[in-house]
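Please open the model in your viewer and keep the sequence panel beside it, since the tour moves from one selection to the next.

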Amino acid sequence: DIVGRAGLQKLKDVLPKIVEENKIDFIIVNGENAADGMGLTEKMYKEILALNVNCVTMGNHTWGKKDIFNIIDNKNLIRPANYPKDVVGKGYEIYRKQSL
């Protein structure tokens, strides 16, 4: 769970080393608190994906920032699954990733 700009910076600082040392080939990050502890901005979403993150999950703070609507339908972003079917975004996704 990334919390705020400091959390995103920590992810940038440590994730590449963790991935390399552990030969991780699929990365899931919870981004619902990335934008000042409440939601996710489009800019932060792009910064997270630039770290080779495969999927960003959201939670009850999904709608905390209005620009979430610009990215909510992206294949790498998952909103909570328990929302009604007519709510924008995807509540689940199946990903296939080949090992390194």
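## A walk from a loop residue outward

Begin by selecting Val 53, which lies in the loop between α2 and β2; bear in mind throughout that this is a predicted model. Is Val 53 buried or exposed? Its relative accessibility is 5%, and because buried means under 20% relative accessible area, Val 53 counts as buried. Now display its surroundings: leaving out residues up to four places away in sequence, Val 53 touches Leu 15, Ile 27, Val 29 and Ile 48. Add Phe 26 to the selection as well, for although Val 53 and Phe 26 are 27 residues apart in sequence, their C-alpha atoms are 7.3 Å apart in space.

Stay in this loop and move to Asn 52, which is also placed between α2 and β2. Asn 52 has a relative accessibility of 60% and therefore counts as exposed. Its backbone deserves a look too, as phi of Asn 52 is near 65°, a positive value in a residue other than glycine.

A second residue with positive phi can be selected in the loop between α1 and β1, where Lys 23 has its place. Phi of Lys 23 is near 50°, and this residue, too, is not a glycine. With a relative accessible area of 66%, Lys 23 is exposed.

Next, colour the strands. Which order do the three strands of the open sheet follow? The order is β1-β2-β3, and the pairing is parallel. The edge strands are β1, residues 28–30, and β3, each of which pairs on one side only. Select β1 together with β2, residues 55–57, and you will have a pair that runs in the parallel sense over three bridges. Within this part of the sheet, Val 29, already met as a contact of Val 53, stands opposite Val 56 in β2.

Now turn to the helices, selecting α1, residues 4–22, and α2, residues 42–49, whose axes come within 10 Å and cross at roughly 15°. Since angles under 35 degrees count as roughly parallel, α1 is described as roughly parallel to α2. The crossing in which α1 passes α2 is left-handed. To see the contact itself, show the side chains of Gly 4, Arg 5, Leu 8 and Lys 12 on α1, and those of Lys 43, Met 44, Glu 47 and Ile 48 on α2. The residues of this contact divide into three nonpolar, one polar and four charged. Ile 48 is thus a place where two stops of the tour meet, because it belongs to the contact with α1 and is also touched by Val 53.

For the last stop, select Lys 75 in the loop between β2 and β3. Lys 75 is exposed, with a relative accessible area of 61%. Which residues does Lys 75 contact, leaving aside neighbours within four places in sequence? They are Lys 90, Glu 93 and Tyr 95. Of these, Tyr 95 is 20 residues from Lys 75 in sequence, with 9.6 Å between their C-alpha atoms.

Finish on Glu 93, found in the segment after β3, residues 77–78. Its relative accessible area is 36%, so Glu 93 is partly exposed. Not counting residues up to four places away in sequence, Glu 93 touches Lys 75 and Ile 78. If you also draw the distance from Glu 93 to Leu 77, which are 16 residues apart along the chain, the C-alpha atoms are separated by 9.0 Å.

Note on methods: Residues numbered from 1 in each chain as written. Predicted model: local features only at pLDDT ≥ 70, side-chain atom pairs only at ≥ 80, totals over all residues. Heavy atoms only, no water. Helix = DSSP H or I, 4+ residues; strand = E, 2+ residues; numbered from the N terminus. Buried < 20%, exposed > 50% of the residue type's maximum accessible area, 1.4 Å probe, protein only. Contact = heavy atoms within 4.5 Å. Pairing = 2+ DSSP bridges. Axes fitted to C-alpha atoms, helices over the stretch in contact; angles between N-to-C directions. Parallel < 35°, antiparallel > 145°, perpendicular 65-115°, else oblique. Left-handed = near helix turned anticlockwise from the far one by under 90°. Nonpolar A, V, L, I, M, F, W, Y, C, P; charged D, E, K, R; others polar.
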